[in-house]
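User: Please take a close look at one part of this model, the largest pocket. What lines the largest pocket, and how are the strands around that part of the chain paired?

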Amino acid sequence: MTSNSSVFENVECCLCGKSELERLNEIGQHGLPANVVICKTCGLTFLSPRWTKEQYTRFYASEYDKYYRRYLINEPVSDSHAVAQSDAVIPVFERLKMANLMPKNIQHLLDVGSGSGGFIQQARKHFPQAEYSAIEPSLNCGSILTKAGII
C-alpha cells in the first residue's frame, strides 16, 4: 500500500462537525495506515486523514483479500469452501434469537460487504423464500457470489 499523501483526505468529525482531533494511532493491522483520531468535542473515534473514495475502492477490489481473506488467493476456492466459511456466522442468528430480535419473515435481504457469502448462506437456512442481494468489492469473492447465484 502506498504512503503517497495524495491518496489521503482530512475529514472533520461526522457527528459534531468539529475538527479538533487527537491522534491515537497511525499504523493498523498488517502495517497499513490507520490514522485513528478521537474528536475532542464529542468523543467519536474515526480515521483522519483517511483514504480517498478512489483509494478505498481500489483497496477493497484488489488488495483486501491479500490481507484478510488469504484463503481466497493461496488455494483454489470451491463453492463448498464458501459455504464452509458460513459456519462462522451462526452466532449472529443465535444472538438474534436470544435477544428476541429474530424477524419472523424476511422478503429481501441486502448483505453489504458480504465476503464469500457466508451470512447469506446462513440466512437462507432461516428464510429460504427471501430474495438475496450482495454488495462486495472483492473480485475474488465476487466470482464466488456469482457462482453461488447470490449476485
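Analyst: First, the term. A pocket here is an open set of grid points where a 1.4 Å probe fits, with protein on both sides within 12 Å along at least five of seven lines. The model is predicted.

The largest pocket has a volume of about 200 Å³. Its lining counts 15 residues. Closest to the centre are Leu32, Pro33, Ala34, Leu47 and Trp51. By class, the lining holds 11 nonpolar, 3 polar and 1 charged residues.

Now the elements. Strand S3 (33-39) supplies at least two lining residues. Strand S5 (50-51) and helix H1 (53-62) each do so as well.

S3 also takes part in two strand pairings, with S2 and with S4. Take S2 first. Strand S2 covers residues 21-27, and pairs with S3 in the antiparallel sense over 5 bridges. Within this pairing, Asn25 stands opposite Val36 of S3. The hairpin of S2 and S3 has 5 residues between the strands. There, His30 takes a positive phi near 65 degrees.

Next comes S4, residues 45-47. S3 and S4 run antiparallel and are joined by 3 bridges. Thr45 in S4 is the bridge partner of Ile38. S3 and S4 form a hairpin too, with 5 residues between them. In that turn, Gly43 has a positive phi of about 90 degrees.

Back to the pocket: S3, with its hairpin links to S2 and S4, is one of the elements that supply its lining.

Notes
Residues numbered from 1 in each chain as written. Predicted model: local features only at pLDDT ≥ 70, side-chain atom pairs only at ≥ 80, totals over all residues. Heavy atoms only, no water. 1 Å grid on protein atoms, 1.4 Å probe; cavity = no way out; pocket = protein on both sides within 12 Å on 5 of 7 lines; lining within 4 Å. Points joined across faces, edges and corners; volume = space filled by probe spheres on them. Helix = DSSP H or I, 4+ residues; strand = E, 2+ residues; numbered from the N terminus. Nonpolar A, V, L, I, M, F, W, Y, C, P; charged D, E, K, R; others polar. Pairing = 2+ DSSP bridges.
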